[in-house]
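Got the viewer open? Let's walk through this one stop by stop, selecting as we go.

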Amino acid sequence: MTINRIDQLFRERKGEILSVYVTAGYPGLNDTGRLLEALQEYGADMVEIGIPFSDPLADGPVIQQSSQVALRNGMKLDLLFSQLKEIRATVEIPLLLMGYLNPVLQMGMEEFLSRCKDTGIDGVIIPDLPPAEYETRYRELFRSYGIYYSLLITPHTDNERIDRIAALSEGFLYLVAEASTTGARDSVGDHQKEYFQRLREMNLPVPGLIGFGISNRETFLTACSYARGAIIGSAFIRALGENNALTLEERVEKFIRGIRGA
Amino acid sequence: MGFEVDSGGFYGEYGGAYIPEMLYPNIKELEDNYMNIVSSDSFQSKFRLLLRDYAGRPTPLFRAERLSDHYGTQIFLKREDLNHTGAHKINNTIGQILLAGHLEKKRIIAETGAGQHGVAAATVCALTGMECIVYMGALDVERQAPNVKKMKMLGAKVIPVYSGNKTLKDATNEAIRDWINHPVDTHYIIGSVVGPHPYPDMVTRFQSVISEEIRIQLMEKTNRNYPDYLVACVGGGSNAAGAYYHYLEDDRVRLISAEAAGLGVGSGKTAATSLIGTPGIIHGSRTLLMQDDDGQIEEPYSISAGLDYPGVGPLHAWLAKSGRAILYAITDDEALQAAFLCTRKEGIIPALETAHALAALEKINPGAEDVVVVNLSGRGDKDMEIYIDKLNLSDDDKQD
């Protein structure tokens with residue numbers, strides 16, 4: 001049995017892991033493949049491809065707006081899979097799909113997972129799917145397609161629930177840095193450090209990646225001192241919308257260099 | 001067949017709490033506490049007192065003689081329009097503000113479409129001295145200026161929402177986002193029987209005072225405590241849930257739900273969610289909703305801002321699916337005609353939402369001895385501009 005690319009990354013990567021979130025179909029309808037290639041080239045370790053949704057209630061203004069643009073561009077889940085059909089010819093880093101439950105349910109969970117597998121998607125994150133429902137209804141299905149499922153915890157998740165969620169989470173656990181929508185803060189405060197410290201002492205069965213509010217080299221490094229790495233979403237989406245004089249690839253290069261400090 | 005919510009928050013296959021982990025502690029706190037608090041004597045005595053002395057309950061059950069003659073049956077109107085702030089919405093906001101007090105919350109958020117729920121929320125916040133923030137689609141802020149002014153006068157902060165289509169659905173998203181960002185000190189007063197469990201059940205219980213009173217009042221007036229037909233309009237469905245509650249398991253009572261067809265069920269300009277919606281997730285609840293084949297939620301249309309919602313409460317989805325409720329889709333024009341008829345026959349100007357329930361009287365053909373109760377959920381003050389507009393039009397037609 002082949003090893004999941006996410007496990008392989010966490011096993012082999014020595015330094016800080018940088019995972020980047022992109023909204024599928026943003027800024028242009030056909031940009032996603034290009035972005036994945038550029039992200040790999042300039043040093044992202046993993047990419048979460050966001051499935052745009054009309055009602056992204058866990059997202060702040062930046063990702064909301066990118067989702068709206070993507071939908072207006074004509075992005076659909078079915079089209080996304082078609083666009084990514086050949087992606088594994090050029091991109092080797094782990095790829096995840098992240099999205100709200102409703103579009104996935106309309107496609108049908110089994111069809112969705114089957115197409116994830118055909119496309120070479122390694123993992124899935126569905127923030128509004130309750131952990132208990134994932135466990136009883138979908139976990140076996142995910143396993144049968146070999147697709148990993150990663151769950152979220154927040155500073156307000158109690159220890160007992162963290163244990164339960166961590167036990168369900170495959171590949172990594174998504175550590176939401178602060179009780180907030182995406183992109184709401186851009187610093188890491190003392191109370192968050194306590195929370196990360198508490199997590200470290202819990203010896204969880206999966207490694208953690210810190211997300212929400214990671215926006216620059218400083219917050220990235222702080223996050224990485226508490227976890228294997230961090231996830232950057234809103235700040236990257238914002239950077240894609242700026243620097244219009246640069247090509248898409250140049251925007252990616254500039255952004256990743258800023259985070260990596262190279 | 002059971003119509004009470006089950007322990008997982010489901011009505012049949014609808015309901016539940018499909019929320020991101022960031023909201024879990026907020027919802028869990030409510031779920032763990034609401035039943036104990038709401039059923040406690042201290043809560044009930046405060047709740048009952050405010051319903052009586054502040055909202056003005058019980059609201060009358062009025063025998064509508066001329067409408068009864070018109071339709072050849074016995075029609076009673078449950079006068080929720082006579083409540084303080086002009087609709088049934090206050091029943092829920094009184095309940096929730098007391099609950100927020102028990103949970104020691106300091107800050108109230110609410111969403112609103114037409115502004116009725118926003119005003120009802122701002123009202124109880126003024127009454128209890130709570131900070132109040134109301135999210136309202138930017139388009140609705142423009143369309144519903146009088147209610148915006150009322151909320152401001154009551155001391156609420158009205159935040160226009162520019163995301164999405166700038167209407168009720170987007171205001172609800174924004175209120176949920178606020179709650180995610182303020183998990184500890186804030187209570188979210190949802191305005192209808194929608195949202196994640198326990199909201200649909202909690203709001204239904206607060207509104208169930210309506211059917212509780214109908215039972216007593218019908219007994220006094222007709223010598224039996226149930227109607228043959230019970231008619232209500234359904235957007236999210238809170239007035240209908242309240243009117244139906246004590247009759248859900250009573251098969252003698254035909255539950256008639258009037259949804260907004262807008263320009264017509266097949267027109268693409270409609271809000272008839274139970275009729276054309278398909279199962280999915282909206283605002284944390286599995287229910288019927290209007291969506292495209294990619295699972296994107298579609299913008300509804302109705303002349304009535306209060307029915308202009310792409311989902312429906314999970315209880316109503318279940319009532320529709322199980323056949324317990326009979327659904328009629330009422331067009332804008334049918335609702336307007338029913339509003340004019342009620343006004344001229346009974347001297348009561350109903351809200352546009354309520355007019356959809358009144359229009360269902362055209363469809364149900366009750367017998368002469370049948371007892372029909374229509375939940376007159378709200379008054380028409382807020383809709384005068386539209387009514388006057390349409391009245392002028394039909395006068396012009398006559399002159400031509």
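On strand 3 (residues 95–98) of chain A, which residues are buried on one side and which on the other? Select the strand and look: Leu95(A) and Leu97(A) are buried on one side, Leu96(A) and Met98(A) on the other, so both faces are covered. Buried means under 20% relative accessible area, exposed over 50%, and partly exposed in between, with a 1.4 Å probe and protein chains only. In a regular strand the side chains alternate between the two faces of the sheet.

Before moving on, some housekeeping. This is a predicted model, where local features need pLDDT of at least 70 and side-chain atom pairs count only at pLDDT 80 or more, while totals for chains, interfaces and linings use all residues. Residues are numbered from 1 along each chain as its sequence is written, chains are lettered from A and ligands numbered from 1 in the order in which they are written, and side-chain values use heavy atoms, leaving out hydrogens and water. Helices (H or I, at least four residues) and strands (E, at least two) are DSSP runs, numbered from the N terminus.

**Neighbours of strand 3, chain A**

Add strand 2 (residues 46–50) of chain A, which pairs with strand 3 of chain A in the parallel sense over four bridges. Two strands pair if DSSP finds at least two bridges between them. Ile49(A) has Leu97(A) as its bridge partner in strand 3 of chain A. Now add strand 4 (residues 123–125) of chain A: three bridges join it to strand 3 of chain A, and the two run parallel. Here Met98(A) stands opposite Ile125(A).

**Helix 9, chain A**

Next, pick residues 190–201 of chain A. Helix 9 of chain A has twelve residues and reaches 17 Å from first C-alpha to last, close to the 16 Å expected at 1.5 Å a residue (the expected span is 1.5 Å times one less than the number of residues). Colour Gln192(A), Tyr195(A), Phe196(A) and Leu199(A), the buried residues of this helix. They sit on the same side of helix 9 of chain A because they cover an arc of only 95° around the axis, the arc being that of the directions from the helix axis to the C-beta atoms. An α-helix has 3.6 residues a turn, so residues three or four places apart point the same way. Flip to the other side of helix 9 of chain A and you'll find Asp190(A), Glu194(A) and Glu201(A) exposed.

What do the buried residues of helix 9 of chain A pack against? Strand 6 (152–153), helix 8 (159–168), strand 7 (173–176) and strand 8 (208–211) of chain A, with contact meaning heavy atoms within 4.5 Å. After the helix comes Asn203(A), with a positive phi near 50°.

**An aromatic pair**

Select Phe81(A) and Phe112(A). Their ring centres are 5.9 Å apart with planes at 65°, so the pair is edge-to-face. Rings of Phe, Tyr and Trp (its six-membered ring) pair if their centres lie within 6.5 Å; planes under 30 degrees apart count as stacked, over 60 as edge-to-face and the rest as tilted. The pair links distant parts of the chain, with Phe81(A) in helix 4 (residues 77–83) and Phe112(A) in helix 6 (residues 109–119) of chain A, 31 residues apart. Phe81(A) counts as buried at 3% relative accessibility, and Phe112(A) at 1%.

**Over to chain B**

Show the open sheet of six strands, in the order 3-4-14-9-10-13 with mixed pairing. Its edge strands are strand 3 (61–63) and strand 13 (325–331) of chain B, each pairing on one side only. Strand 9 (residues 229–233) and strand 10 (residues 254–262) of chain B pair in the parallel sense over five bridges; Tyr229(B) has Arg254(B) as its bridge partner.

Lay helix 14 (residues 332–346) of chain B on top: it lies across strand 3, strand 10 and strand 13 of chain B, at about 95° to strand 13 of chain B. Axes are lines fitted to C-alpha atoms, for helices over the stretch in contact, and angles run from 0 to 180 degrees between N-to-C directions.

**Last stop: backbone oddities**

Zoom to Arg57(B) and Pro58(B), joined by a cis peptide bond with omega about 0°. Pro58(B) is found in the loop between helix 2 (41–55) and strand 3 of chain B. Then jump to His283(B), a residue other than glycine with a positive phi near 45°. At 4% relative accessibility, His283(B) counts as buried.
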